[in-house]
Amino acid sequence: MTGSGLALITGATAGIGAAFARDRARAGQDLILVARDAARLDAVCAELSTTFGVRAQPLPADLTVPADVAKVAAVIREQPLDLLVNNAGRSLNKSFLKSDVDDEESLLDLNVLSVMKLTHAALPGMVGRGRGAIVNVSSVSGFAATMPGSTYPATKAWVTNFSESTGLLVRPKGVRVMALCPGFTRTEFHDRAGIAAAQMPDWVWLKADAVVRQGMRDLAKGKLVSVPSARYKVAVAGLKLMPRSVLHRVLSRGARRMGRTVGDAE
Ligand SMILES: NC(=O)c1ccc[n+]([C@@H]2O[C@H](COP(=O)([O-])OP(=O)(O)OC[C@H]3O[C@@H](n4cnc5c(N)ncnc54)[C@H](OP(=O)(O)O)[C@@H]3O)[C@@H](O)[C@H]2O)c1
């Protein structure tokens with residue numbers, strides 16, 4: 001997808017969402033950008049408008065708050081959106097035995113419910129116009145219980161399955177829904193979640209701009225699921241094909257080595 005039109009992107013002030021905003025502004029698309037930090041959002045909108053000559057409108061919202069999600073959904077229903085990117089998401093990086101149930105609920109509010117509600121708001125208009133696309137930013141981690149004890153991969157398994165399912169539903173009507181499933185990508189995500197990113201080898205890291213470029217190419221091809229980079233395509237094939245018992249041993253050992261959730265739970 002290139003050229004003009006209107007895109008709404010959540011979590012657009014950092015990481016993958018900011019890369020989407022830049023990519024779409026470069027393509028001449030006007031923007032509505034969502035995040036919680038209003039001052040940062042204003043600065044990103046001003047910079048994109050000045051650099052690329054597009055209209056970039058800030059829409060501050062906390063997508064864990066139902067009233068804020070309803071506000072964004074209302075904007076989506078009113079506007080002839082060409083692209084919705086449900087990108088805002090987070091990880092708890094905590095053992096389910098140690099996490100606070102309110103934090104678990106808030107994780108589902110952001111990673112799952114906001115994606116469902118904003119997709120629900122966008123699709124009728126897109127189907128009525130016979131065009132439009134939704135990219136739901138999921139994760140390679142959702143292809144298995146990749147962080148034993150953590151509920152984050154389960155939220156992303158939902159996003160991928162939901163995107164495939166709704167994508168199949170609306171494809172005959174000229175509308176696309178795609179799950180974009182990156183592997184480790186250098187953003188603010190790991191610091192926010194308290195994940196020890198420094199322990200990871202260099203080769204695991206993707207760049208947010210490359211993730212977005214590959215995602216937009218796959219969207220144009222009509223893919224329902226996009227996994228950027230050859231190395232993560234191989235990793236996903238491994239997650240799908242490896243016998244479960246072997247996979248569980250490998251993942252649990254890896255999590256312990258990373259000081260992640262399995263060790264946490266013991
Ligand atoms: N980085 C990775 O390795 C990786 C890998 C696979 C998948 N992903 C997925 O990619 C997506 C983007 O992650 P990222 O790595 O780019 O993260 P990031 O650098 O931490 O950026 C997160 C963005 O979301 C916004 N945000 C966070 N909580 C929000 C809330 N409650 N309501 C509205 N906006 C909120 C943040 O702005 P405010 O704080 O101002 O709200 C920021 O703009 C997520 O869905 C993540 O699960 C990331």
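A polar contact is a pair of N or O atoms within 3.5 Å; within protein, one atom must be able to donate a hydrogen and the other to accept it, and residues adjacent in sequence count only if both atoms are side-chain atoms. Keep that definition at hand for the exercises below.

This is a predicted model, in which local features need pLDDT of at least 70, side-chain atom pairs count only at pLDDT 80 or more, and totals for chains, interfaces and linings use all residues. Residues are numbered from 1 along each chain as its sequence is written, and side-chain values use heavy atoms, with hydrogens and water left out.

**Exercise 1. A serine in a loop**

Task: find where Ser-150 sits, decide whether Ser-150 is buried or exposed, and find which backbone atom its side chain reaches.

Solution:
- Step 1. Helices (H or I, at least four residues) and strands (E, at least two) are DSSP runs, numbered from the N terminus. Ser-150 belongs to the loop that links β5 (133-137) to α5.
- Step 2. Buried means under 20% relative accessible area, exposed over 50%, and partly exposed in between (1.4 Å probe, protein chains only). Ser-150 has 12% relative accessibility, so Ser-150 counts as buried.
- Step 3. From the side chain of Ser-150 to the backbone nitrogen of Tyr-152 the distance is 3.2 Å.

**Exercise 2. The surroundings of the ligand**

Task: describe the shell around the ligand by its nearest residues, its classes and its helices, then list polar contacts and work out how much of the ligand is buried.

Solution:
- Step 1. A residue is near a molecule or strand if one of its heavy atoms lies within 4 Å of it. There are 31 residues around the ligand, and those that come nearest are Thr-13, Arg-36, Asn-87, Tyr-152 and Thr-187.
- Step 2. Sort by class: Ala, Val, Leu, Ile, Met, Phe, Trp, Tyr, Cys and Pro count as nonpolar, Asp, Glu, Lys and Arg as charged, and the others, Gly among them, as polar. The shell then splits into 13 nonpolar, 12 polar and six charged residues.
- Step 3. At least two shell residues come from each of α1 (15-26), α5 (152-170) and α6 (189-193). With three residues, α6 gives the largest share.
- Step 4. Now the contacts. An oxygen atom of the ligand is 3.0 Å from a backbone N or O atom of Asp-37, and a nitrogen atom of the ligand is 2.9 Å from a backbone N or O atom of Leu-63. In the side chain of His-190, an N or O atom lies 3.3 Å from an oxygen atom of the ligand.
- Step 5. The ligand taken alone exposes 890 Å², and the protein buries 97% of that. Such accessible areas come from the Shrake-Rupley method with a 1.4 Å probe; for residues, only the protein chains shown count as cover.

**Exercise 3. Two helices, two faces**

Task: for α2 and α9, compare the span with the expected one and locate the buried and exposed residues.

Solution:
- Step 1. The expected span of a helix is 1.5 Å times one less than its number of residues. Helix α2 (residues 38-52) has 15 residues and reaches 21 Å from first to last C-alpha, close to the expected 21 Å.
- Step 2. The buried residues in α2 include Leu-41, Val-44, Cys-45 and Leu-48. Viewed down the axis, the buried residues of α2 fall within an arc of 100 degrees, so they line one face of the helix. That arc is of the directions from the helix axis to the C-beta atoms.
- Step 3. Exposed Ala-39 and Thr-50 are on the face of α2 turned away from its buried side.
- Step 4. Helix α9 (residues 244-257) has 14 residues and reaches 20 Å between its first and last C-alpha, close to the expected 20 Å.
- Step 5. In α9, the buried residues are Leu-247, Leu-251, Ser-252 and Ala-255. Their arc around the axis is only 125 degrees, which puts them on the same side of α9. Exposed Arg-249 and Arg-257 sit on the face turned away from that buried side.

**Exercise 4. Positive phi without glycine**

Task: where do Asn-93 and Ser-229 lie, and what are their phi angles?

Solution:
- Step 1. Asn-93 lies in the loop between β4 (83-86) and α4 (101-129). Its phi is positive, about 50 degrees, although Asn-93 is not a glycine, and at 14% relative accessible area Asn-93 is buried.
- Step 2. Ser-229 lies in the loop between β7 (225-226) and α8 (230-241). Its phi is positive, about 85 degrees, although Ser-229 is not a glycine, and Ser-229 is buried with a relative accessible area of 15%.
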